[in-house]
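Got your viewer open? Load the model, colour it by chain, and follow along stop by stop.

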Amino acid sequence: MLAHFSNIITVFLMVAGLFIIIARGNLIKKLIGLSLFQTSVYLLYITPGKLIGGTAPIISPQYTVYSNPLPHVLILTAIVVGVATLALGLALAVRIREAYGSIEEDEILERDHGVEAEEAKEARS
Amino acid sequence: MNVEELILAALVLPIVGALGIVVSNRSPNVREGVTLVTAVAVFACVVQLVAPVLAGSTPLVSLVEPLPGLPVAFRVEPLGMLFGLVASGLWIVNSIYSIGYMRGNNEKNQTRFYVCFALSIAAALGIAFSANLLTLFLFYEILTLITYPLVTHAGTDKAKHGGRVYLGILMGTSMLFLLPAIIYTWHVAGTVDFRPGGILPAGLAPASVTVLLALFMFGIGKAALMPFHRWLPAAMVAPTPVSALLHAVAVVKAGVFSVVKVVVYVFGSSILAGTTQWLIAIAGFTILAASVVALNADNFKRRLAYSTVSQLSYIVVAAAVLAPLSTVGAALHIVSHALGKITLFFAAGAIYTAAHKTEISQFDGIGRRMPWTMTAFTIGALSIIGIPPFIGFVSKWYIMSGAFSAGMLSVAAVFMLSTLLNAAYLLPIVHRAFFRPPRHDDHHGHDGHHGEAPLPIVIAICITAAGTLVASLFPDVLIGLAQRIGTGGAI
Amino acid sequence: MSLAQHLPALQVVLPLISAPLAVLSRRAGLAFLIVTAAAWTAFAIAIALWLQVDLSGPVSYPIGNWEPPWGIEYRLDRLNSFMLVLVSGMAAVVLPYSRASIEREIPQESHYLFYAMLGLCLTGLLGMSITGDAFNLFVFLEISSLSTYVLIAMGRDRRALTAAYQYLIMGSIGATFIVIGIGFLYLMTGTLNLADMVDRVARIENSRPGLAALAFITVGVSLKVALAPLHQWLPNAYTYAPSSVSAFLAATATKVALYALIRFYFTVFGDAFLFEKLPLPKMMLVLSLFAMFFANFIAIFQDNLKRLFAYSSIGQIGYITLGLSFDSIDGVAASIMHLFNHGVAKGAIFLLVGAIVARLTTRQSAPPAPGFDRIAGLARSMPWTCFGIVIGGLSLIGVPGTAGFISKWYLVLAAVDKGQWWLVGAILFSSLLAVAYVWRFVEAAYFRAPPAGREAFGEASLSLLIPAWLLVGATVWFGIDTSFTVGSAIEAAQQLVHNHK
């Protein structure tokens, strides 16, 4: 069970994140879900890299077991990407709030719908 | 110029001419001068090819290779020579006619009209000289697209609708049937070149041959085989010069030309033997059904259009009979019908320009006011019906001889019946024009006292009528070319 | 010479440097010059690399001299050297066009940011194409995606913001799926180098993590490809993005994602496993047919030209995946050349539609939607623009003489090869749907009377027309002289398809 503990956490975060993205209409909450979803991937990479009893990979005659350093490096990059995505998403949310006066998906759709109806009327006349 | 250069010149000159027409947009006289000069130059190039072809050579020009092993290439062989002669020769006459017609009716966008016309001739010559199916398909589609603006020239809703039917059927059939047929041919034969005796491997299953033949025959929608014939009447919304040259000569003849070419040079008679009955049946049905429709049409151009549908199927039948004599007849019929039908359409346009009449029931006594036009019409009609000694009779004679030699009496019967129908829908017009007194109740002001059509129209119509007579009296060159089809020294 | 050896690195690094330089310059004109120079140089490098691969076979370049498989390797073969030419070539054409095009679409003060973002997007797409490392591919994917979201959000219509947001959510999910798949592959094989992975994957691909990796990568990449039914982000993104962005994305972004799909399927997993033992061909077949018919059909009923051609793109992607599902040399070659042929034609169309939008836009108002009522009778005032769209449309239909015909020929040939005649019919029938929507444009532009209130205006400016007509010319050129496209595609397919039956 303990061996699978990290996997269970990973899958839980993954599914929870995806669920939030799909189920929530609030743009900020969607972004939180997206972040959770991405965080789960960090775990997916890093946890198998740790060997119990292993140390940091510095070559020294005292140690024979090392943890794999590569996943950490990779995930460092992925974290940067994740932060950038989140920042851009939040910036878009701010701009959307300025343009529509709302960050609720259904209200935004409604307002767009109104505009489209007007446009259609204009085109007809 | 050597032969290869002549071929290229014939194809490039109309394009150059089109550019010249665009440049001289502002001055109608220069523009139409350019058209005429180009037409004469193109015809001169094509005529010079006749002697080498009669001497048995089939010159080849290869341009680019869009697909590995599949070049865009041109080869002049007797059948293509005949078609090229007809298309380029009649373009000159038709240009003279167009000048009278377009000016007489104050048509809009005349520059576009002349440009598209020149380009369609280039496409028709491309089809005529194509050395393989890919080249044929390329120019076939170009011809469809470039004639679309001509069909929809008037820009009205009716023209738009006609254009839709035109494009829908021609594009649809060529994409859905012709293209897979070509690709399947490539797949089984490894080549799509036209070669005497055909290119299909001898071991091909009869079922595959039949399916392939059907794909080709219905895919070449320009041959107007029923049930894919409706584009032709729809295309009659175009100005009459378009109907005359394109929808009696260039486009439809490109269709039947492709049919004959495919049957002779892709299939070859040996592999087709015994599998063409259904095709003869459908074409025979088209001949009779279209004639009956023509009989009941009061609109002059519509009657002529259905007459064309019917006559095109003569050529399909002739190709499907697979006898050497009927192939000669098919080639001759391409020429004879072209000469005859263009005269009839010219007459329709002349009457429209001079009298603004489009329905046959209005034609009473018109022959007395327009004697030249109606005399020419009579000559064309007699040739189409197939009265000896007109060229129409010669071509029918060859086709029927072929049918007899192949023992297909039913074909002969269809031809007899259809000749009667031809007479029944064409001769009453002659009768009405010459022997009925003009009706006075339908005279509204200006068109009451019309005379003959404008001079260019009359000149053009007399030339084609004279052409019919000349071809009837001296058919030797034509027959000589036609007899060489399928025997040429092509590799 | 030493510089020539480093061309693979320069291919990516030059556009990458141009982006921060453009930001630092803070001036629209200077930023434009920097990024355009980078894009043109990248195009020249791409051609040089293509020639190098053509002459002497695959090129391997170790980044920072760390030998593969430990370091990141840039690896060039037939397929991705071809992709590099497409991507950098489109950038080289779109950038000069942007100068005039964004004038009314983006506020003057953020022009330099636009060029920086375009430079970054180009970097990402080139990097995705050139890299031989799975994780590096993900990083470049995110670079291109993030800059794409910004570019789309720059559209003047406020719906551009929601379109960008929607794409951000879906794109990030897709990218995360890809990284999960790569993670599984890494866990099972212990390598990230794609070439190194090939043999090791063969041992584990039947295991559960192997299949899970395949599934995650398939779904993730399909999202970026916009393979129906994962296409929802695409129509809005193309419709509301600035015109030059729509053109660039339509011609490159989905195409590079498709490249990634081909790379994972044919190089990493290998077609012998995917197409023999899994129900993948059937699945791809069904999805492709769905895209071809559904999207092309929807396109017919769109009123906004940009949206119409966006749906048409989704349909055309169906042809590409259909070719892949055949798993034959002809089929895969058809897909690869259609990547290129469709990219060029669709790029031309979007550039020209952009020229129409520019003419309809006034300084005060937001760009109006190029609806059919607004473009009625437009051919009279903008003959070159409209004629160019018609030629591009003919290529979408697949009329001989245009590039689209060449790919269609190979696609049909592949179907005939498989003996699947109903598929031949399906391919050709769906291309008739393209006739319907192209002819809606023709009838509106050429036969309808201009709306009464519209001001008279002339042809689009030359700075818009010349780049667009370069692509129109390319559409015709690659329909006639196909030694580059067909040659590259066939050889690439021969390297990819091992499953000779």
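Start inside chain C: the C-alpha centres of its domain 1 and domain 2 lie 22 Å apart. To see the two halves, select 1–275 for domain 1 and 279–501 for domain 2. Keep in mind as you go that this is a predicted model.

**Stop 1: between the two domains of chain C**

Show the residues where the two domains of chain C touch: 50 come from domain 1 and 56 from domain 2. Together the domains bury about 4900 Å², with 73% of that on carbon and sulfur atoms.

Now pick out Arg78(C) and Glu491(C). They form a salt bridge, and their closest N and O atoms are 2.9 Å apart. The rule finds one salt bridge across this domain interface. It also finds 10 residue pairs in polar contact there, both partners at pLDDT 80 or more.

Next, highlight α4 (78–101), α10 (233–240) and α11 (243–277) of chain C, the elements that each give two or more residues to the domain 1 side of this contact. Which of them gives the most? That's α11(C), with 18 residues. Colour the domain 1 side by residue type and you'll get 34 nonpolar, eight polar and eight charged residues.

**Stop 2: where chain C meets chain B**

Zoom out and bring in chain B. The contact takes 32 residues from chain C and 29 from chain B. About 2600 Å² is buried between these chains, and carbon and sulfur atoms give 81% of it. On the chain C side, select Trp409(C), Glu443(C) and Phe447(C): they lose the most area to chain B, together 27% of what that side buries.

Stay on Glu443(C) and add Arg164(B). Their side chains meet in a salt bridge, 2.6 Å from N to O. One salt bridge is what the rule finds across this interface, along with four residue pairs in polar contact, both at pLDDT 80 or more.

For the helices here, select α16 (383–397), α17 (403–417), α18 (421–447) and α19 (462–480) of chain C, which each give two or more residues to the side touching chain B. α18(C) gives the most, 12 residues. By type, the chain C side divides into 22 nonpolar, six polar and four charged residues.

**Stop 3: chain A**

Which pair of chains shares the most contacts? Of the two pairs in contact, it's chains A and C. Chain A and chain B don't touch, and their nearest C-alpha atoms are 20 Å apart.

**Stop 4: a few backbone oddities**

Most residues other than glycine have a negative phi, and most peptide bonds are trans. Here are some exceptions to click on:

- Met226(B) and Pro227(B) are joined by a cis peptide bond, with omega about 10°. You'll find Pro227(B) in the loop between α7 (206–219) and α8 (231–234) of chain B.
- Pro68(C) to Pro69(C) is cis too, with omega near 5°. Look for Pro69(C) in the loop between β1 (59–62) and β2 (73–76) of chain C.
- Ala226(C) has a positive phi, near 65°. Ala226(C) is in the loop between α9 (208–225) and α10 of chain C.

**Last stop: confidence in chain B**

Recolour chain B by pLDDT. Its mean is 84, and 96% of its residues reach 70 or more. Among the elements of chain B, compare helix α19 (476–483), which has the lowest mean at 78, with helix α5 (133–151), which has the highest at 90.

Technical notes. Residues are numbered from 1 along each chain as its sequence is written. Chains are lettered from A and ligands numbered from 1 in the order in which they are written. Side-chain values use heavy atoms; hydrogens and water are left out. Contact means heavy atoms within 4.5 Å. Domain bounds come from an automatic or database domain assignment. Buried area is the accessible area (1.4 Å probe) that two parts lose on being put together, summed over both. A salt bridge is a side-chain nitrogen of Lys or Arg within 4 Å of a carboxyl oxygen of Asp or Glu. A polar contact is a pair of N or O atoms within 3.5 Å; within protein, one must be able to donate a hydrogen and the other to accept it, and residues adjacent in sequence count only if both atoms are side-chain atoms. Helices (H or I, at least four residues) and strands (E, at least two) are DSSP runs, numbered from the N terminus. Ala, Val, Leu, Ile, Met, Phe, Trp, Tyr, Cys and Pro count as nonpolar, Asp, Glu, Lys and Arg as charged, and the others, Gly among them, as polar. pLDDT is the predictor's confidence in each residue, from 0 to 100.
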